[in-house]
Amino acid sequence: MRIRLICLTLPMFVAIGLAQNRPVQLEIGFNGEIVADAWNPLLLITRDLGETVLEFRIDRGSLRDGIKTFTYRAVIPGGSGITVFQDDVFIPGWRSFVWSLKQDATTIASGSLGQRERDPRPLDLILSATPGVWRGRYGREARITEIAAASLPERLASYQGVKSLLIDGTGAVPRLESLTAAAAAGVLVVILNDLPSAHADLELLLTDGGVRLGAGAVIGANPELLTSLFSAALRDDESFYDALRSTATPELPAPLPQLILLIAIGVYAVMTTLLVRLAGVPGLVTALGLALVFSMAAWQLLRPPQAEYQTSVSLDLAAGNLAKRLQTTTVASLPEGLIDFEGNGRLANLRSYTATDKDLSFRLGRWQSETIFQRPTLVPALLGWEGETVRYRGSDRLRNVYVKGFGPQAELAAGDVLEPLHAEESTLPAAYLKLLPLLPEGSVIGRAGDRILALLPAEARLEEGGL
């Protein structure tokens with residue numbers, strides 16, 4: 001299933017007014033392959049168009065749960081000559097997918113995708129002049145597509161739906177920034193041995209045949225090993241997000257105890273009865289006036305100091321001085337209203353929302369909450385291996401330090417070095433109980449404020465369940 005639109009070349013996906021005669025190129029995913037329920041790279045190229053608005057409208061859900069709509073909208077500045085717009089968009093599994101590019105009230109291009117065309121399988125990318133040579137090395141269920149070196153983004157989120165990237169040296173030389181972003185995202189980047197001299201720069205990414213970078217790895221391999229390499233499972237970001245979600249719960253103000261309310265109502269009822277009996281109608285008017293005064297005073301004194309509450313927690317999956325940051329933010333609203341969140345992300349629950357290339361918005365009812373899974377980003381690692389020891393480069397004190405396979409360790413201050421030692425097990429933080437099963441043996445984990453840092457083992461060894 002592909003979306004790759006160039007002017008009028010694919011009329012089933014794009015409708016452009018013939019009088020316009022203006023080329024538009026839209027590509028979502030790699031080589032037009034979209035991975036459902038993942039972040040996908042977006043590329044839009046226009047020529048000689050003024051300001052336009054690109055919009056996706058995606059319906060998801062079911063008749064039982066209700067149909068919810070995700071809308072993505074981006075304003076494209078435009079102008080004379082060629083305009084290039086790039087972004088990463090989370091594409092949920094859809095029932096219907098409609099897109100359009102508009103200029104004022106005029107539709108420049110539009111198209112749609114049906115439910116049968118969605119595919120959640122991750123991609124295996126091949127960068128080669130002869131990709132057909134390698135297709136037989138993948139499993140039957142693999143979703144393989146060739147890619148050009150110039151089409152590899154340098155943004156980490158672009159690669160969330162990618163499982164592996166094979167480079168055989170017959171194609172153009174990819175940028176190192178693109179390969180490090182892919183590896184840090186969790187992609188297994190496989191570089192075949194004995195590359196031509198033009199690819200010599202790629203050896204900078206290889207140490208002893210393989211090195212971890214962020215959540216993934218770059219591995220040098222012989223062709224006969226490819227089948228076993230490509231069978232490695234893709235690390236699931238959703239599991240990490242769910243583990244973080246359980247720790248990001250805003251502390252809402254406690255409601256007034258029912259006993260106090262009952263006492264206040266009882267006192268007011270007694271006062272009203274006495275005033276009516278003693279003073280008749282004037283007493284009733286006085287009681288109503290007192291109710292109004294007391295209600296206004298209670299509203300001023302007892303109302304919460306703010307209408308919205310937010311709590312964020314992030315996880316850095318680090319190796320090789322790079323880290324993939326996954327962050328969740330839970331928003332709780334006391335009154336009903338529209339929530340505007342600055343930043344890129346998606347909602348954890350099935351709810352309608354609108355996103356742009358800068359923020360997102362959604363509606364919450366009274367005393368409701370929603371969790372936002374923010375877009376993965378590439379950041380410097382605050383934990384790093386130095387031989388058999390670990391150095392902490394953060395500023396806040398690292399607490400609850402734990403090494404999988406060794407046990408709890410001492411806290412670390414800025415610049416401290418940790419030599420993992422075997423220790424007796426102790427009670428772990430609740431977040432660790434969900435995170436540790438997702439990490440390989442030898443991983444180091446700790447918490448500094450609202451950040452959880454996880455350092456993966458330095459060696460890029462394939463294990464059951466992934467790297």
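**Figure 1. The second largest cavity and its lining.** In this predicted model, the second largest cavity has a volume of about 90 Å³. A search through the whole structure turns up 4 cavities of 30 Å³ or more. Here the lining is made up of 14 residues, and those that lie nearest the centre are W39, Y72, G345, A355 and T356. Three strands, β5 (66-76), β6 (79-91) and β19 (353-355), each supply at least two residues of this lining. If you would like one strand to start from, try β6: the largest share of the lining, 4 residues, comes from there. It helps to keep a general point in mind while looking: rolling a probe the size of a water molecule over the atoms shows where empty space is left.

**Figure 2. The largest nonpolar core, with L42 as a guide.** This core has 38 residues, and L42, F56 and F97 touch the most other members. At least three of its residues come from domain 1 (21-117), and at least three come from domain 3 (240-251 + 308-378). Another core lies apart from it, with 28 residues that include Y159, V162, I167 and V187. Let us stay with L42 for a moment. Once neighbours within four places in sequence are set aside, L42 is in contact with L26, E27, I28, L54, F56, Y72, F85, Q86, D87, V89 and R155. Two names on that list may look familiar: F56 is among the residues that touch the most other core members, and Y72 is one of the residues nearest the centre of the second largest cavity. As a general backdrop, nonpolar side chains tend to be buried together in soluble globular proteins.

**Figure 3. Helix α1 and its surroundings.** Helix α1 covers residues 176-185, and 8 of its 10 residues are buried, so this helix is largely enclosed by the rest of the structure. The buried residues are S178, L179, T180, A181, A182, A183, A184 and A185. What do they pack against? Their partners are the strands β11 (162-167), β12 (188-192), β13 (210-213), β14 (216-221), β16 (322-333) and β22 (377-380). After the helix comes G186, which has a positive phi near 115°.

**Figure 4. The hairpin of β7 and β8.** Strand β7 (residues 96-103) and strand β8 (residues 106-114) run antiparallel and are joined by 8 bridges. For a handy landmark, find S100, which stands opposite S110 in β8. The hairpin has 2 residues between the strands, and D104 takes a positive phi near 60°.

**Figure 5. An open sheet of three strands, with D416 beside it in sequence.** The sheet has 3 strands in the order β23-β24-β27, with antiparallel pairing. Its edge strands, β23 (383-386) and β27 (417-418), each pair on one side only. Between β23 and strand β24 (residues 389-392) there are 4 bridges, and L383 stands opposite Y392 in β24. D416 sits in the loop between β26 (407-408) and β27. Is D416 buried, partly exposed or exposed? Its relative accessibility is 31%, so D416 counts as partly exposed. Beyond neighbours within four places in sequence, D416 is in contact with V390, R391, Y392 and E411. The C-alpha atoms of D416 and R397 are 9.8 Å apart in space, with the two residues 19 apart in sequence.

**Figure 6. Two aspartates with positive phi, D48 and D194.** D48 is a residue other than glycine with a positive phi, near 55°. D48 belongs to strand β3 (residues 38-49). With a relative accessible area of 44%, D48 is partly exposed. D194 also has a positive phi as a residue other than glycine, with a value near 60°. This second aspartate is found in the loop between β12 and β13. D194 has a relative accessible area of 78%, so D194 is exposed, the cut-off being over 50%.

**Figure 7. Zooming back out to the protein chain.** To place the close-ups, the secondary structure of the chain comes to 6 helices and 29 strands. Of its 467 residues, 46% count as buried. Among contacts with a separation of 6 or more, 65% are between residues 24 or more positions apart.

Technical notes: Residues are numbered from 1 along each chain as its sequence is written. This is a predicted model: local features need pLDDT of at least 70, side-chain atom pairs count only at pLDDT 80 or more; totals for chains, interfaces and linings use all residues. Side-chain values use heavy atoms; hydrogens and water are left out. Two strands pair if DSSP finds at least two bridges between them. A nonpolar core is a set of buried Ala, Val, Leu, Ile, Met, Phe, Trp, Tyr and Cys residues joined through side-chain atoms within 4.5 Å. Buried means under 20% relative accessible area, exposed over 50%, partly exposed in between (1.4 Å probe, protein chains only). Domain bounds come from an automatic or database domain assignment. Contact means heavy atoms within 4.5 Å. On a 1 Å grid over the protein atoms alone, a cavity is a set of points where a 1.4 Å probe fits but cannot get out, and a pocket is an open set with protein on both sides within 12 Å along at least five of seven lines; lining residues have an atom within 4 Å of a point. Grid points are joined across faces, edges and corners, and a volume is the space filled by probe spheres set on the points.
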